[in-house]
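Reader: I'd like a close look at one part of this model, mainly how its surface side chains sit and pair up. Could you take me through it in one go?

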Amino acid sequence: MKNIFTLALVAMFAIGAQAQKFAHIDSQKLMSELPERVAAEQQLQDEAKKLEDQLGIMGNELQQKYEDYLTKRDSLPDLIRATREKEIQDAQARIQQYQQMAQQSLSQKEQQLLMPIIEKMQNAVNEVGKEQNYIYIFDISAQVILYHSEQSEDATPFIKKKLGL
């Protein structure tokens, strides 16, 4: 009787273990295939170009001021020379501040553009996880998973279908 109970317990665990399904996706690769990602990347590049163009204009203006200062510095009275040096220093500081603000602006724009895409992908992963009865779907692009066996299913085709790819 004890053997039958042990056999039944082992069978229950075996059935339970077989029912557990694990899957994986490569979210970076999947994200790169989304048309929304391509559009967001283009918008981000366009924004970066505008900011770089403005930085170029500021740099050219600074260069012009500096060259003008160099050609006239020996003939300028001390007060005017000091004023021009201060203007050049201030222009350099504005350029540095602009670069920092531009970087922050680009980061915010990237987050603003990518958040809806990430949410869409997460919703698709959640739906596929429920539909396919997965316990976990691991992201192998994060390189946190040290090992995954061939028994782990690749959920990417299901998610692609859910995303309309």
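**Surface side chains and their partners**

Author: Let's start with F22, which has a relative accessibility of 33% and so counts as partly exposed. Keep in mind as we go that this is a predicted model. F22 sits in strand β1, residues 21-25. Together with I135, Y136 and F138, F22 makes a nonpolar surface patch of about 360 Å². Strand β2, residues 134-139, gives that patch its largest share, with three residues.

Now for the charged side chains. You'll find ten salt bridges in the structure. A good one to zoom in on is K120 with E36, whose side chains meet at 2.4 Å, N to O. K120 belongs to helix α4 and E36 to helix α3, so this pair ties together parts that lie 84 residues apart in sequence. Neither name falls in the buried class: K120 is partly exposed at 32% relative accessible area, and E36 is partly exposed at 29%.

While you're on α3, have a look along its length. Residues 35-72 make up this helix, 38 of them, and it reaches 56 Å from its first C-alpha to its last, close to the 56 Å expected at 1.5 Å a residue. The buried residues here are A40, L44, A48, L51, M58, L62 and Y69. What do they pack against? Their partner is α4, residues 78-131. So α3 meets α4 through its buried residues as well as through the K120 and E36 salt bridge, because those two side chains sit in α4 and α3.

Helix α4 also has a salt bridge of its own: the side chains of D78 and R81 meet at 2.4 Å, N to O. Both residues lie in α4, three residues apart, which is about one turn of the helix. Residues three or four places apart point the same way, because an α-helix has 3.6 residues a turn. Here the two partners fall in separate classes: D78 is exposed, with a relative accessible area of 56%, while R81 is partly exposed at 23%.

Another one to pull up is E127 with K162, at 3.5 Å, N to O. That pair links distant parts of the chain, with E127 in helix α4 and K162 in helix α5 (residues 156-163), 35 residues apart. E127 is partly exposed at 37% relative accessible area, and K162 counts as partly exposed too, at 34%.

One last stop: D68, K72 and R84 are linked in a network of salt bridges.

Key: Residues numbered from 1 in each chain as written. Predicted model: local features only at pLDDT ≥ 70, side-chain atom pairs only at ≥ 80, totals over all residues. Heavy atoms only, no water. Helix = DSSP H or I, 4+ residues; strand = E, 2+ residues; numbered from the N terminus. Expected span 1.5 Å × (residues − 1). Buried < 20%, exposed > 50% of the residue type's maximum accessible area, 1.4 Å probe, protein only. Contact = heavy atoms within 4.5 Å. Patch = residues over 30% accessible without salt bridge, like charges linked within 9 Å, V, L, I, M, F, W, Y side chains within 5 Å. Areas by Shrake-Rupley, 256 points an atom, 1.4 Å probe, with all protein chains shown as cover. Salt bridge = Lys/Arg side-chain N within 4 Å of Asp/Glu carboxyl O.
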